[in-house]
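Work through the exercises below with the sequence and the coordinates open. Each task is followed by a solution in steps.

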Amino acid sequence: MRFLLDTEQRAFAESLDAMLTAAGTPAVVRAWGRGEHEAGRAVWARLAEAGVFALAAPEKYDGVGPLPVELALSFVELGRHAVPGPLVETVTATVLLAGLDDPGPAERLLPALVSGETMATVAPSPSSYALDGDAAATRLTLAPETGELRLAPGHGPVRPSLDPARRLTRLSPGGDLLAADPSLLAHALVPARLAVAAQALGVGLALLDRTVAYVKQRTQFGVPVGSFQTVKHRLADAKVALEFARPLVFGAAVTLDPADAAAAKVTACEAAYTTARTALQLHGAIGYTAEYDLSLWLTKARALRSAWGSPAQCREVVLSGGGRRR
């Protein structure tokens, strides 16, 4: 598939890139990992002003969407800059609430999500961990067996994860019942996997850019290590994997097919993970240090692999055809 962005879409992505570059996100990520949310909320507010959270919401709930291609573009930039917070979950909650038969919950909760005033998190099952339950004001829990969607009244203690900036919590049981529809989980997985795929693509691109810059500066035997053929081949393999994932991500944004979203997620996440391993090897010992900014993207690439579906689960959806008509 050949997917070309139009002028407005490219300008939107460039504006987000410039804004997040100026925000100095590495310091924001480190603060978020310590449970200090002020800087992260400031970035969140700027993203809302740019219209990011409005892209998933219909106009009747103060949104401008749904615009899944623009949403995917946004998440590539969010991944490129390692922006912390329940980004995927807020978009997923927006799609879930907007799709309910009863408009009451959406009318009550969506305007604050679209404006960036609040964040949302979603637990795909009552036993699952939710991302950033301590920062989110809207906490949704899905029960796959019954299709119940509940507004959780609170959250448990924070649990560390592979990515220090991904703060995991259990959501409190009970809460208001918003809907009971067995198809809700499947409905949630498409936007969640699409957003994760785009975010992973951005993470991989950032890792590749940082590694290319590093091997141009690092010398061995009096020459840049980037001039070595083995290094070139490793970086070329990472570049090919990421560029192969890109059309799958935007293709899934066009079709919104469950199998396409699953294919995009597994391909983009595996490409980002492969790039992370290459980046770590080519940086040498410095790549292992938590103080070095590269670690912010390395840990995110690893964590995104299992977010909203493991590689095996996504491959199973692809092989089964997802919801595609035969």
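The exercises that follow concern a predicted model.

**Exercise 1. A charged residue and its surroundings**

Locate aspartate 132 in the fold, then decide whether aspartate 132 is buried or exposed and whether a salt bridge accompanies it or is absent.

Solution.
- Step 1: Placement. Aspartate 132 sits in the loop that runs between β2 (130–131) and β3 (138–143).
- Step 2: Burial and charge. Aspartate 132 is buried and has no salt bridge. The nearest side chain of opposite charge belongs to arginine 167, 4.7 Å away. Because a salt bridge requires a side-chain nitrogen of Lys or Arg within 4 Å of a carboxyl oxygen of Asp or Glu, the distance of 4.7 Å to arginine 167 does not qualify.
- Step 3: Polar partner. The side chain of aspartate 132 makes a polar contact of 3.1 Å with the side chain of tryptophan 32.
- Step 4: Contacts. With neighbours within four places in sequence set aside, aspartate 132 touches Trp32, Gly85, Pro86, Ala165 and Arg167.

**Exercise 2. The cavity**

How many cavities of 30 Å³ or more does a search of the whole structure find, and which residues line the largest cavity?

Solution.
- Step 1: Count. The search finds one cavity of 30 Å³ or more.
- Step 2: Volume. The largest cavity holds about 70 Å³ of space.
- Step 3: Lining. Its wall is made up of Val83, Pro84, Gly85, Leu87, Val88, Glu89, Leu131, Asp132, Ala165, Arg166, Gln199 and Lys300. Asp132 from the previous exercise is therefore one of the lining residues, since a lining residue is one with an atom within 4 Å of a cavity point.
- Step 4: Main contributor. Helix α5 (residues 87–98) gives the most to this lining, with three residues.

**Exercise 3. The largest pocket**

What is the volume of the largest pocket, and which element supplies the largest share of its lining?

Solution.
- Step 1: Volume. The largest pocket measures about 570 Å³.
- Step 2: Centre. The lining comprises 24 residues, and those closest to the centre of the pocket are Pro124, Tyr129, Ser306, Ala307 and Trp308.
- Step 3: Elements. At least two lining residues come from each of β2 and α7 (184–217). The largest share, three residues, is that of α7.

**Exercise 4. Salt bridges**

State how many salt bridges the structure holds, then describe the pairs formed by arginine 80, glutamate 148 and arginine 305.

Solution.
- Step 1: Total. The structure holds ten salt bridges.
- Step 2: Arginine 80. Its partner is aspartate 209, and the closest N and O atoms are 4.0 Å apart. The two residues belong to distant parts of the chain, with arginine 80 in helix α4 (residues 68–80) and aspartate 209 in helix α7, 129 residues apart. Arginine 80 has a relative accessible area of 22% and aspartate 209 one of 46%; both are partly exposed.
- Step 3: Glutamate 148. This side chain pairs with arginine 150 at 3.3 Å, N to O. Glutamate 148 is partly exposed at 26%, and arginine 150 is partly exposed at 25%.
- Step 4: Arginine 305. A salt bridge of 2.7 Å, N to O, ties arginine 305 to glutamate 270. Here too distant parts of the chain are linked: arginine 305 lies in the loop between α10 (294–304) and α11 (311–320), and glutamate 270 in helix α9 (residues 258–283), 35 residues apart. Arginine 305 is partly exposed, at 22% relative accessibility.
- Step 5: Network. Salt bridges with shared partners connect Glu77, Arg80 and Asp209 into one network.

Key: Residues are numbered from 1 along each chain as its sequence is written. This is a predicted model: local features need pLDDT of at least 70, side-chain atom pairs count only at pLDDT 80 or more; totals for chains, interfaces and linings use all residues. Side-chain values use heavy atoms; hydrogens and water are left out. Helices (H or I, at least four residues) and strands (E, at least two) are DSSP runs, numbered from the N terminus. Buried means under 20% relative accessible area, exposed over 50%, partly exposed in between (1.4 Å probe, protein chains only). Lys and Arg count as positive and Asp and Glu as negative; His and the chain ends are not counted. A polar contact is a pair of N or O atoms within 3.5 Å; within protein, one must be able to donate a hydrogen and the other to accept it, and residues adjacent in sequence count only if both atoms are side-chain atoms. Contact means heavy atoms within 4.5 Å. On a 1 Å grid over the protein atoms alone, a cavity is a set of points where a 1.4 Å probe fits but cannot get out, and a pocket is an open set with protein on both sides within 12 Å along at least five of seven lines; lining residues have an atom within 4 Å of a point. Grid points are joined across faces, edges and corners, and a volume is the space filled by probe spheres set on the points.
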